[in-house]
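Please look over the sequence and the three-dimensional structure shown here. The explanation below then leads from the whole chain to selected parts of it.

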Amino acid sequence: MYRLFYLLKQCTLVLLAGLLLGLVVLVGCASWPLAEAPGPASTAPLLLDNVSLVDVETGQIHPHQAVWIDKGRISKIAASDTIATDNNAALRTELIADGRLKVYAAGRFLMPGLSDMHTHSLQLSPQLHHPLWIAAGVTTVRDLSGCMLQPDSFQACTADRKRWQQELKAGKRTSPNYWLHSSYQLNGGPEVPASYPAFFKLQSAADAIELVAHYKAQGTDFIKVYEQLSAQQYQWLVAAAKDAGMVLAGHQPWLVSFTQMLEAGQRSVEHGRLFIFECADAIKAYKQQPLSQSFQPEQWRKLLLSQNPELCQQLMQHMALSNTWWSPTLLTLQLGAKAGDAEFRQDKRLKFVPYLLQLLWQGDADAMLKKAYDSKSLNVHIELLQLAQQQVKQAQQAGVKILAGTDTPDSFVFAGSGLHDELALYQQAGLTALEVIQTATINPAVFSGMAAQTGSVAVGKTADLLLLNDNPLLDVASMREPEAVVVAGHWYPKTVLQQLETFAEEQANSIRLNLHLLRNALISAPMRQQFAD
């Protein structure tokens with residue numbers, strides 16, 4: 001997500017050239033209302049009859065089951081009176097005597113909805129991301145961004161996400177669940193606008209206490225940490241968060257050791273670079289000084305050549321015994337590996353991305369391509385992605401707890417379908433279908449402390465569900481196109497899922513929305529700070 005901020009900064013001069021001409025239009029667009037995504041086909045109680053339940057904890061399939069859903073939760077599961085199985089037959093629905101919508105599923109597979117555990121929601125996510133998440137079966141996201149001060153014109157704040165959650169439950173909004181809420185990313189102070197309260201710059205232990213209290217009052221659940229925090233700032237945050245009953249999550253700060261991070265109880269650490277860095281003997285020399293710029297190809301080559309398998313195994317075993325989870329977000333490494341691939345650069349899903357972001361994404365890919373090749377004309381990023389995949393497999397075998405995440409809307413990371421791209425990379429790495437599915441279902445539930453309420457199909461749990469034509473335990477790709485989705489007990493059949501995709505495409509190509517996006521970025525104080533930094 002940091003690349004998005006950087007690229008917005010790079011294109012600022014270009015944008016400003018046309019800003020004076022379009023200023024009246026930009027100001028005027030603030031009063032233009034944006035369209036709302038289509039809602040569910042039904043908010044009535046449900047009976048999903050003759051489904052094959054997918055147990056994501058054991059890997060078992062329980063055929064010919066009937067599932068009752070009331071008030072957003074699974075109220076009953078029992079054997080179905082129907083045993084006919086024809087996954088090619090169209091779903092049939094009818095309202096029965098008690099006002100319940102009965103769905104004749106013909107033996108289709110019912111599994112818990114998917115969770116994307118690393119996203120960044122914007123004020124425009126209801127138009128751009130929510131429809132695509134639901135259409136792809138992503139019923140929950142963990143947002144790793146927030147606002148220093150609420151409201152913010154560009155990024156979604158805790159209050160926004162909580163409002164979306166309440167409207168979702170009431171059937172008044174199409175949205176994924178937002179179970180956990182993040183602070184703004186803390187990066188040592190340069191990210192803070194000059195006019196904002198001084199405690200955001202985190203210059204003392206007292207600042208850390210005040211900052212954590214500020215975010216707790218907002219209703220956030222964790223403090224997002226970033227690379228450029230000093231070791232001292234990190235320790236201040238660890239102590240302040242512990243006293244406030246909060247946790248840290250996010251990046252491993254560059255000057256904080258792997259062991260220090262685990263011992264501090266950081267709840268999650270993000271991105272596929274984690275073990276690429278930590279398992280390389282050559283990293284010691286680089287970690288003697290603050291991180292000042294991105295790694296160059298020859299530096300990456302040194303890390304690749306100095307990988308220490310024994311050290312890596314020790315680190316993974318240490319992490320497996322800790323309370324820290326890993327979200328690899330391998331898609332963030334895929335950009336460098338595929339920046340020169342024309343098919344990748346022309347992905348048909350770009351139709352779901354606003355024109356402004358498309359420009360930024362293509363510029364990002366161009367920049368990555370320029371620094372991809374080492375002295376032997378080899379793209380080091382291809383090898384980095386391959387190594388990260390190997391390390392995901394090794395970490396899984398060592399017992400490291402893994403959460404599937406995408407970093408949406410990072411460059412060429414597509415909302416909704418991007419999670420399936422991420423899961424495909426895990427399967428390519430050698431994880432079993434069940435292990436892959438667990439990273440996006442029961443694992444997020446356990447991580448969030450909500451395994452009693454979500455993450456599997458069981459009585460009493462939330463009715464966030466996918467209805468699939470094929471068994472995902474045999475082919476995880478079957479999750480890409482659900483036949484129907486249930487979110488908070490609300491019914492989204494295939495026809496509505498298609499309408500959601502059409503809506504997202506129309507919004508992305510709307511001049512009105514693109515003007516909103518530009519305006520929102522330009523008037524946001526944190527975004528302007530990113531431009532100036």
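The paragraphs that follow treat the overall form, then helix packing, then individual residues.

This is a predicted model, in which local features need pLDDT of at least 70 and side-chain atom pairs count only at pLDDT 80 or more, while totals for chains, interfaces and linings use all residues. Residues are numbered from 1 along each chain as its sequence is written, and side-chain values use heavy atoms, with hydrogens and water left out.

The chain contains 22 helices and 16 strands. Helices (H or I, at least four residues) and strands (E, at least two) are DSSP runs, numbered from the N terminus. Along the principal axes, the C-alpha atoms of the chain fill a box of roughly 70 × 60 × 50 Å. The radius of gyration of the chain is 23 Å, which agrees with the value near 24 Å for a compact globule of 533 residues. The radius of gyration is taken over C-alpha atoms, and the globule rule is 2.2 Å times the number of residues to the power 0.38.

Of the 533 residues in the chain, 60% are buried. Here buried means under 20% relative accessible area, exposed means over 50%, and partly exposed lies in between (1.4 Å probe, protein chains only). Contact means heavy atoms within 4.5 Å. Among the contacts in the chain with a separation of 6 or more, 73% are accounted for by residues 24 or more positions apart.

Helix packing can be followed through three pairs. Helix H6 (residues 205-218) packs with helix H7 (residues 231-244) at an angle of about 45°, and their axes are 9 Å apart. That angle makes H6 oblique to H7. Axes are lines fitted to C-alpha atoms, for helices over the stretch in contact, and angles run from 0 to 180 degrees between N-to-C directions. Angles under 35 degrees count as roughly parallel, over 145 as roughly antiparallel, 65 to 115 as roughly perpendicular and the rest as oblique. H6 and H7 form a right-handed crossing. A crossing is right-handed if the near helix is turned clockwise from the far one by less than a right angle, and left-handed if anticlockwise. On the H6 side, Ala 205, Ala 208, Ile 209, Leu 211, Val 212 and Lys 216 take part, and they meet Trp 236, Leu 237, Ala 240, Ala 241 and Ala 244 in H7. This contact of H6 with H7 has 10 nonpolar, no polar and one charged residues. In this classing, Ala, Val, Leu, Ile, Met, Phe, Trp, Tyr, Cys and Pro count as nonpolar, Asp, Glu, Lys and Arg as charged, and the others, Gly among them, as polar.

In the second pair, helix H11 (residues 297-305) and helix H16 (residues 380-398) pack at an angle of about 35°, with axes 10 Å apart. The crossing of H11 with H16 is left-handed. Pro 297, Trp 300, Arg 301 and Leu 304 in H11 meet Val 380, His 381, Glu 383, Leu 384 and Leu 387 in H16. The residues of this contact are six nonpolar, one polar and two charged.

In the third pair, the axes of helix H15 (residues 355-370) and helix H21 (residues 511-523) cross at roughly 65° and come within 8 Å. Tyr 355, Leu 356 and Leu 357 in H15 meet Asn 514, Leu 517 and Leu 518 in H21. Five nonpolar, one polar and no charged residues make up this contact of H15 with H21.

Helix H13 (residues 331-338) has seven of its eight residues buried, so it is largely enclosed by the rest of the structure. The buried residues are Leu 331, Thr 332, Leu 333, Gln 334, Leu 335, Gly 336 and Ala 337.

Gln 233 belongs to helix H7 and, at 7% relative accessibility, counts as buried. Its C-alpha atom is 7.3 Å from that of Gly 188, although the two residues are 45 apart in sequence.

The loop between H16 and helix H17 (417-429) contains Pro 409, which a cis peptide bond with omega of about 5° joins to Thr 408. Phe 412 is placed in the loop between H16 and H17 too, and has a positive phi near 60°. Phe 412 is buried, at 4% relative accessibility.
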